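Okay, thanks for having me, everyone. I'll put the structure up and then walk you through the parts I looked at.

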Amino acid sequence: MVKIKRDYIQIAMLLFFVILNSLFTPNFFRIGNFNNIITQMCPTILCGMGMTLVISTGGIDISVGSVMAMAGVLTAKLMPVTGLVPAVMAALAASVLVGCFAGIMVGKLRLQAMVITLGLMLGIRGLAQVLCGGRDIYFNKLGETGKALSLWGTYKIGGQIPVQIVPMAIAVLLVWILVEKTVLGRQIQAVGDNIKSSSLAGINTSLVLMIVYAASSMFAGLAGIFQAAKVSVAAGSSLGQMAELDAIAAVVIGGTPMSGGKASVSGTLIGALIMQMITLTCVMNNIPDQYAQVFKALMIVFAVFIQRKQVK
Amino acid sequence: MKAAKKLYNSFYSKSTVLAFLLLLILASIVFRDKNFLTTANIFNILLKAAKNGGFLALGMTFVILCGEIDLSVGAVFALSGVVMGLTGQVNPWLGLFCGILVGVASGLTIGVLVTKMRISSWIASLAMMFALRGLILIIARKSVVISGAVLTFAGAKVLKRVVPGMQSGIPILIFLLFLITFLCMYLSRNTKFGMGMYAVGGNQEAARMMGIDVDRIKIKAFAGCGLIAALSGVLLASSSGSAALSAGNSYETYAIAMCAIGGVKLSGGEGKFSGTFFGILIYFIINTIFTYLPTGISVHWQSVIMGLLVLFSVGMQSEVLRHIKIGKKKEL
């Protein structure tokens with residue numbers, strides 16, 4: 001009952017924005033607009049799915065933005081040598097490695113997730129910048145493979161729907177099944193609730209944590225590759241900047257508590273949609289960017305505040 | 001002897017001090033032909049620390065000790081300088097006052113959001129960061145020029161011709177850095193508020209049951225953090241003569257990193273301001289070393305090294321490692 005109520009309030013907020021937009025925003029119900037929403041939401045959703053898992057274990061992963069940059073740059077670097085698919089695989093493998101490292105530090109050595117991922121955030125961002133040598137890598141200078149990767153970001157399925165919907169749908173479905181239908185999902189939430197008692201109950205907590213952080217990094221890597229493909233450029237310094245904060249905001253607006261123990265996948269999806277709606281409302285009504293930022297801040301605080309009261 | 005012991009105890013974060021000394025010695029050996037360990041260079045490092053957000057780490061320590069986080073310090077850093085420049089055109093003293101007031105107000109707001117409205121400090125301070133960055137662009141179109149004797153006070157230098165190697169005098173910013181560090185150390189060790197911070201960060205529920213007003217202490221800590229961030233922004237603007245709109249971008253990350261290097265436990269309740277101070281120094285020594293390196297090495301390695309340093313310095317704090325060293329692995 002409580003769960004239904006909580007979902008209800010998020011959907012109500014989303015509906016509020018949809019109605020607000022349909023009243024005041026010209027061209028809101030255009031297909032092009034929906035396609036825009038999908039393309040822009042892609043990194044937030046992908047990172048948000050991993051972040052939902054991490055936050056539900058009571059941790060946090062602020063390295064996702066840097067992992068995005070690393071994966072994007074690595075793909076662009078390897079692509080001319082190895083071809084497209086191996087390069088993507090290598091970038092994803094590197095991302096998973098980073099996640100495994102964070103998971104081992106958090107799970108085995110019992111260190112605070114925030115510091116570990118902070119260290120990784122600085123380190124991996126630096127690595128991404130070193131890799132691309134301080135210059136942005138433009139895909140149109142990479143020949144055929146560059147064009148192929150650009151298609152990953154610009155291709156439209158049936159000439160209409162952006163390709164980004166595929167990774168988004170797969171990620172949401174995978175994480176939803178993981179959380180709601182599998183033993184591992186139960187274990188993840190148990191670890192977040194009380195790590196000591198779940199360890200005593202026979203859960204291999206360090207393995208669970210490692211899987212969670214690896215998954216978060218993998219999704220971040222995927223997000224980085226798709227984001228780089230969308231803009232057709234891999235920039236070590238700007239790719240994925242602030243992505244971690246967007247993802248955290250989406251998760252928290254979606255009703256997953258920062259203290260852990262509960263994961264709401266549908267909530268994160270709605271949270272990301274609400275964030276996107278806020279941005280969209282501002283952009284399509286020609287509100288200047290600086291006012292939009294203040295508005296966005298107010299809306300985030302408001303959304304989280306409503307959440308909190310409902311949970312209590 | 002007793003006094004010496006007391007002084008030593010107040011710098012308890014041994015590993016950080018050790019790392020600092022090690023780094024200093026190493027750098028002076030490697031760069032001995034480039035005069036690394038000269039008075040001028042040491043003062044240069046201190047000045048850099050005072051100008052480029054060293055203060056922010058001190059403020060951040062208050063909040064982290066309470067087990068919270070403040071992501072808005074970078075934005076406060078920029079906003080306070082801009083506000084000082086704009087209101088300073090009316091009256092310089094009003095400018096200084098308003099510049100610092102901005103930080104206190106934003107800190108108080110975050111504190112109230114976190115304690116009374118029960119919003120996670122991540123979200124509250126993130127929202128504050130967005131709002132303040134927007135506000136900066138609303139109130140100013142381009143960077144604000146700061147002039148006048150009162151407003152540019154922080155550019156002053158004192159003790160001319162006293163210290164050898166520093167003929168033109170020592171910037172007062174350096175004294176302020178030391179002064180504020182000692183003030184914070186005093187606050188955290190000798191006052192009810194300071195003790196309360198450790199209690200709240202260690203175990204909030206226990207602190208509440210002991211009769212500590214948890215909300216009040218958290219709000220004070222956030223206000224203190226905002227105050228120091230604003231002061232830092234005012235000092236930078238005042239010493240450089242202009243307030244840039246994009247100042248302090250992503251400084252919050254560096255401030256948290258300096259705290260982590262200084263041995264402050266990021267989940268709250270443990271850590272010292274002296275540790276943070278050495279964390280700041282370590283950060284800026286590495287920063288300076290990178291200006292000494294040959295041009296073939298990418299400056300971006302700096303970020304990698306900083307990340308490794310954070311990982312290493314927390315890795316050493318791990319309870320698990322400590323037990324392995326002693327030889328009895330306890331059930332954790």
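So, this is a predicted model, and I'd like to start in the middle of things. The largest nonpolar core has 203 residues, and the ones with the most contacts inside it are B:Ala260 and B:Val310. Who gives the largest share of this core? That's helix 10 of chain A, residues 205–231, which puts in 17 residues.

Let's look at B:Ala260 for a second. Leaving out residues up to four places away in sequence, B:Ala260 touches A:Val115 and A:Leu118 over in chain A, plus B:Leu266, B:Val310, B:Ser313 and B:Val314 in chain B.

Back to helix 10 of chain A. Is it mostly covered or mostly open? Covered: 23 of its 27 residues are buried. Here's a quick check you can do yourselves. At 1.5 Å a residue, those 27 residues should span 39 Å, and the end C-alpha atoms are 39 Å apart, so the two agree. Right after helix 10 comes A:Ser232, and its phi is positive, near 60°.

Now zoom out to chain A as a whole. You've got 13 helices and 4 strands. The C-alpha atoms fill a box of roughly 55 × 50 × 35 Å along the principal axes. For 312 residues, a compact globule would have a radius of gyration near 20 Å; chain A comes in at 19 Å, so that agrees. Of those 312 residues, 51% count as buried.

One last thing, on contacts. Take the ones in chain A between residues at least 6 apart in sequence: 78% of them join residues at least 24 apart.

How values were computed. Residues numbered from 1 in each chain as written. Chains lettered and ligands numbered in written order. Predicted model: local features only at pLDDT ≥ 70, side-chain atom pairs only at ≥ 80, totals over all residues. Helix = DSSP H or I, 4+ residues; strand = E, 2+ residues; numbered from the N terminus. Rg over C-alpha atoms; globule rule 2.2 N^0.38 Å. Buried ≥ 20, exposed ≤ 12 C-beta atoms within 10 Å, placed from the backbone. Contact = placed C-beta atoms within 7 Å. Core = buried A, V, L, I, M, F, W, Y, C linked by C-beta atoms within 7 Å. Expected span 1.5 Å × (residues − 1).
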